[in-house]
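Got your viewer open? Keep the selection box handy, and we'll walk through this model one stop at a time.

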Amino acid sequence: MSQATETTEEGATATAGGFGLTTATALIVGSIIGVGIFNLPTSLAGYGPITLVSLGLTTVGALALALLFAALSRRLPADGGPYAYARVAFGNGLGFANAWSYWITAWAGNAAIAVGWVLYVEEFVNTGHNRLASVALVLVGLWIPAIINLTGVKNMGAVQVVTTVLKFAALAFMSTVGLFFIKSANYTPWNVSGESAIAAIGGGMAIALFSYLGVEVAAVAAGKVRDPDRNISLSTIFGTLATAVVYLLSLTPVFGILSNAVLSESTAPFSDAADAIFGGTWAGNVMALVVIISGFGALNGWTMICAEMPLAAANDGLFPQRFKGLSAKGVPAFGIIASTALASIAMAVNYIGSNGATVFTTLVLMTGITAAIPYAFSALAQIKWRLADHRALDAPHFVRDVVVAVVSLVFSVLFISYSRFTGESFWVYWGPFFLSAGALLLGILVYLRMRDRMTQPEPVPKYRSPA
């Protein structure tokens, strides 16, 4: 799950005059990159170095989604982003389903971040990976950020500055110095999954999607961007491309420095790569400390994001009103507490019979499923609206917009289809689907309670051509 760690901070500081292209691009990059990238090599090792192709194709899908949300934001700049598009296009029923699915992505993604964070914490404590101790550490990683968020946005934002700098420093190091320590022999065998190349690439794509969650952030924050017709589109494209470059340049050395056999057993692959470069353990410990601090920043920011979707839905009458209330500190306290509690439960359930790396991958795949649902409905909304524009003879950029929407829809379906934990037992193999289905089905009870209180969505605005 790619992670939106700076969204509110940037938005809050820019409300008065709005922010331009540079700041909007920084917002995208800072929102996508979280702790997931630092654990991704281990999750992808089940397929092998062939997943570098997966990451490249996922980048194509992420760029298509970026273009999709840039176009949709011009037409409907609304809080909630993907949820708002589905609601206006298809009504409150599907609007609720998308809001619920996106909210699951937020708190399950936060659980995945916390598990990935603990894998680096355990370079120093609980090195034997005692399961109960690991669960306790994850709970610390989830609830301390929740407490910080409950004290107000100012304190939450203050944590972000140092963590963001360190996050980029770690990736920049591996993207530059790491390139000189690649051993080409470590790229073979290319595919270790025992499946076809297409299946292996598809499985890798489903995992890699987590690292790109957040491409829609600038579109969601459209009201805070100066000259949105120009700056949202450009910042989303530039930010996603910049992130892709950093990802590819950092993951390529990790796969080349460590053999796939080592990666498959690693709990902190970037630390192990740093140790391989310098020898000994000091470099790996430094890398682990950097990831721990930057990962805490991701947890801090995404805890805030977890409460934003239910807040937007509650304002429209789709979620219980308790999500709408703000505390004396001006934060949606109920949403923060409820989301953190659900993340804690999801994490604890996954640890039953599984180690930390398996739990991380299962949660990553779960968030891929629940994120791809609102992504797909956003694409369907765009197709529906652009076809209506075409019939009304008001269809500039029609072919471009429809092609982007169709590509986004195809990638969304592929992300869902391949979200299986290949090479594991039946329950782990299908675990992401079981968890997603269970969480989605719980939403039925909430929908039945709220359906008579929902306000009607506004009509879709007319198409706005980019400047």
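Select Pro269, Phe270, Ser271, Ala273, Ala274, Asp275 and Ile277: these are the buried residues of helix H14, where buried means under 20% relative accessible area, exposed means over 50% and partly exposed is in between (1.4 Å probe, protein chains only). Helix H14 covers residues 269–278 and is mostly covered, with seven of its ten residues buried. Helices here (H or I, at least four residues) and strands (E, at least two) are DSSP runs, numbered from the N terminus. Just after H14, click on Gly279, which has a positive phi near 80°.

Before going further, two notes on what you're looking at. This is a predicted model, in which local features need pLDDT of at least 70 and side-chain atom pairs count only at pLDDT 80 or more, while totals for chains, interfaces and linings use all residues. Residues are numbered from 1 along each chain as its sequence is written, and side-chain values use heavy atoms, with hydrogens and water left out.

Now zoom out to the whole protein chain. How many helices and strands are there? There are 20 helices and zero strands. Of the 467 residues in the chain, 58% are buried. Contact, by the way, means heavy atoms within 4.5 Å. Take the contacts between residues at least 6 apart in sequence: 82% of them join residues at least 24 apart.

**Stop: helix pairs around H17**

Two packed helices are described by the angle between their axes and the distance between the axes. The axes are lines fitted to C-alpha atoms, for helices over the stretch in contact, and the angles run from 0 to 180 degrees between N-to-C directions.

Select residues 92–121 for H6 and 356–391 for H17. H6 and H17 pack at an angle of about 155°, and their axes are 8 Å apart. The pair is therefore roughly antiparallel; angles under 35 degrees count as roughly parallel, over 145 as roughly antiparallel, 65 to 115 as roughly perpendicular and the rest as oblique. In the contact of H6 with H17, 19 residues are nonpolar, eight are polar and none is charged. For that sorting, Ala, Val, Leu, Ile, Met, Phe, Trp, Tyr, Cys and Pro count as nonpolar, Asp, Glu, Lys and Arg as charged, and the others, Gly among them, as polar.

Keep H17 and add H20, residues 431–450. The axes of H17 and H20 come within 8 Å and cross at roughly 50°, so the two helices are oblique to each other. Want to see where they touch? On H17, the residues include Thr362, Leu365 and Met366, and on H20 they include Pro432, Phe433 and Leu435. The contact of H17 with H20 has nine nonpolar residues, four polar and no charged.

**Stop: Asn350**

Next, click on Asn350 in helix H16, residues 333–351. Asn350 counts as buried because its relative accessibility is 8%. Leaving aside neighbours within four places in sequence, Asn350 is in contact with Val359, Thr362, Leu363 and Leu435.

**Stop: Val138**

Jump to Val138 in helix H7, residues 131–150. Is Val138 buried or exposed? Val138 is buried, with a relative accessible area of 0%. Apart from neighbours within four places in sequence, its contacts are Ala114, Val115, Val118, Met347 and Tyr351. Try a distance check too: Val138 and Ala343 are 205 residues apart in sequence, with 10.0 Å between their C-alpha atoms.

**Stop: two loops**

Most residues other than glycine have a negative phi, and most peptide bonds are trans. Go to the loop between H6 and H7, where you'll find Asn126 and His129. Neither is a glycine, yet Asn126 has a positive phi of about 50° and His129 has one of about 55°. His129 is partly exposed, at 34% relative accessible area.

Finally, select Pro189 in the loop between H9 and H10. A cis peptide bond joins Thr188 to Pro189, with omega about -5°. Ser193 lies in the loop between H9 (160–176) and H10 (197–208), and Ser193 is buried, with a relative accessible area of 18%. Leaving aside neighbours within four places in sequence, Ser193 is in contact with Gly46, Tyr47 and Ala200.
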